[in-house]
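Open the model in your viewer and keep the sequence panel beside it. We will move from one selection to the next.

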Amino acid sequence: MLGFSITTLLLIATPIWAHSHHMAVGGRGRSVNLSLCDTEGPDQTLQSIHSELSAQKKLRKVKPRAPESFTIETYFHFVVTEDTAAYYTPELRNTLATAQYNALSAAYAPTGIKFDLQPPTFTTNTTWATNADELAMKSALRQGTYKALNLYFQSHLSSPGSYNDPSNFLLGYCELPTSVTRTTCSSSPSALNLGNGCTTRTEIPTEYATDGCNILLSSMPGGGMQTYDQGKTAVHEVGHWFGLLHTFQDNSCETGSSGDFIADTPQEAVATDGCPVGKDSCPGSEGMDPIGNFMDYSSDAW
């Protein structure tokens, strides 16, 4: 995967999309059933914001500009099963973390986004490594406020309900941004406008307990997941954390389909598998499918 669309670069560099501004194992050669991204679609609030920004862009109210630079406090959490703990030595973890950090930094450099990586954590817990108790894992491991990006690299990440099946793995998923603040009003408790006696915003930690991205550990650069081991899964999932959607969001070629709400993303009806140069799932629309976009499902080799 090569990158993001031009408009996407501008949007994710716009503060409204960033959590930092309150927008609110399968190894190589191993036979496994691999699911890709399990991130859910946007809620009504995020969808409305996408629609509004898209409309403003069409009306030329949003002009292309150089992205402003900002830094995201970032935490990596290694979570492994008891039978794989010895394999992930401190030296290997350091190598994997450094390579993943470099992959993230290179992908987001054109947007002005930088990552301030904190010392990674390492946890041996088979229940958490298989994703059998996500809430408990994140409640114990998550660090920082809603401004902070937490990435959970699980050795046996599985979809909900399939964590007891060692042949099923999931590449990743991430929480889309949402509102995690409430308004305190000095004059009218029901007022919602900060200019109407409402002056304080309070972050509600329980509303973002599951915030962050769950990622299959072997998808880290050199991790061993065939065709998905260059760290692009984390790049993709972090895109969701910033509010970006799949390039094939509507799975439709219909005129008027919003897709990912990004004006210069060609319409795409079917997610990409591998690196099929020339793929065009909407031949009646302008442009080929964006197989080089990080928010598609192309393999890391592209």
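Is Thr71 buried, partly exposed or exposed? Select Thr71. With a relative accessible area of 47%, Thr71 is partly exposed, because buried means under 20% and exposed means over 50%. This is a predicted model, so read every value on the tour as computed from it.

**Stop 1: around Thr71**

Thr71 belongs to strand β2. Show what surrounds it. Beyond its neighbours within four places in sequence, Thr71 touches Lys114, Phe115 and Asp116. Now pick Leu117. Leu117 is 46 residues from Thr71 along the chain, and their C-alpha atoms are 9.9 Å apart.

**Stop 2: the whole protein**

Zoom out and switch to cartoon. The protein has six helices and nine strands. Of its 302 residues, 49% are buried. Turn on the surface. About 13,800 Å² is exposed, and carbon and sulfur atoms supply 52% of that area.

**Stop 3: helix α5**

Select residues 134–141, helix α5. Which of its residues are buried? Glu134, Met137, Lys138 and Leu141 are. Look down the axis of α5: these buried residues fall within an arc of 90°, so they line one face of the helix. The spacing fits a general rule. An α-helix has 3.6 residues a turn, so residues three or four places apart point the same way.

Rotate to the face turned away from the buried side. Ser139 and Ala140 sit there, exposed. Then ask what the buried residues of α5 pack against. Their partners are β2 (70–80), β4 (121–124), α4 (126–129), β5, β6 and β9.

**Stop 4: strand β9**

Follow one of those partners, β9, at residues 213–216. Show its side chains. Cys213 and Ile215 point one way, while Asn214 and Leu216 point the other way. All four are buried.

Add strand β5, residues 149–154. β5 pairs with β9 in the parallel sense, over four bridges. Find Phe153: its bridge partner in β9 is Ile215.

Add strand β6, residues 168–174. β6 pairs with β9 in the antiparallel sense, over three bridges. Here Tyr173 has Asn214 in β9 as its bridge partner.

Stay on β6 and select Cys174, which is found in that strand. Cys174 is buried, with a relative accessible area of 4%. Now pick Val238. Cys174 and Val238 are 64 residues apart in sequence, yet 7.2 Å apart C-alpha to C-alpha.

**Stop 5: the aromatic rings**

Show the Phe, Tyr and Trp side chains. How many aromatic pairs are there? The count comes to seven. Centre on one of them, Tyr108 and Phe242. This pair is tilted, at 5.7 Å centre to centre with 55° between the planes. The pair links distant parts of the chain: Tyr108 is in helix α3 (residues 90–108), and Phe242 is in the segment after α6 (232–241), 134 residues apart. Both Tyr108 and Phe242 are buried.

Add Trp241. The ring centres of Trp241 and Phe242 are 5.4 Å apart with planes at 75°, so this pair is edge-to-face. Trp241 is buried, as is Phe242. Add Phe115, already met as a contact of Thr71. Tyr108, Phe115, Trp241 and Phe242 form one aromatic cluster.

**Last stop: Arg93 and Phe122**

Select Arg93 and Phe122. Arg93 lies over the face of the Phe122 ring, 3.8 Å from the ring centre.

Conventions. Residues numbered from 1 in each chain as written. Predicted model: local features only at pLDDT ≥ 70, side-chain atom pairs only at ≥ 80, totals over all residues. Heavy atoms only, no water. Helix = DSSP H or I, 4+ residues; strand = E, 2+ residues; numbered from the N terminus. Buried < 20%, exposed > 50% of the residue type's maximum accessible area, 1.4 Å probe, protein only. Areas by Shrake-Rupley, 256 points an atom, 1.4 Å probe, with all protein chains shown as cover. Pairing = 2+ DSSP bridges. Arc of directions from axis to C-beta. Contact = heavy atoms within 4.5 Å. Phe/Tyr/Trp six-rings, centres within 6.5 Å; stacked < 30°, edge-to-face > 60°. Lys NZ or Arg CZ within 6 Å of the ring centre and 35° of its normal.
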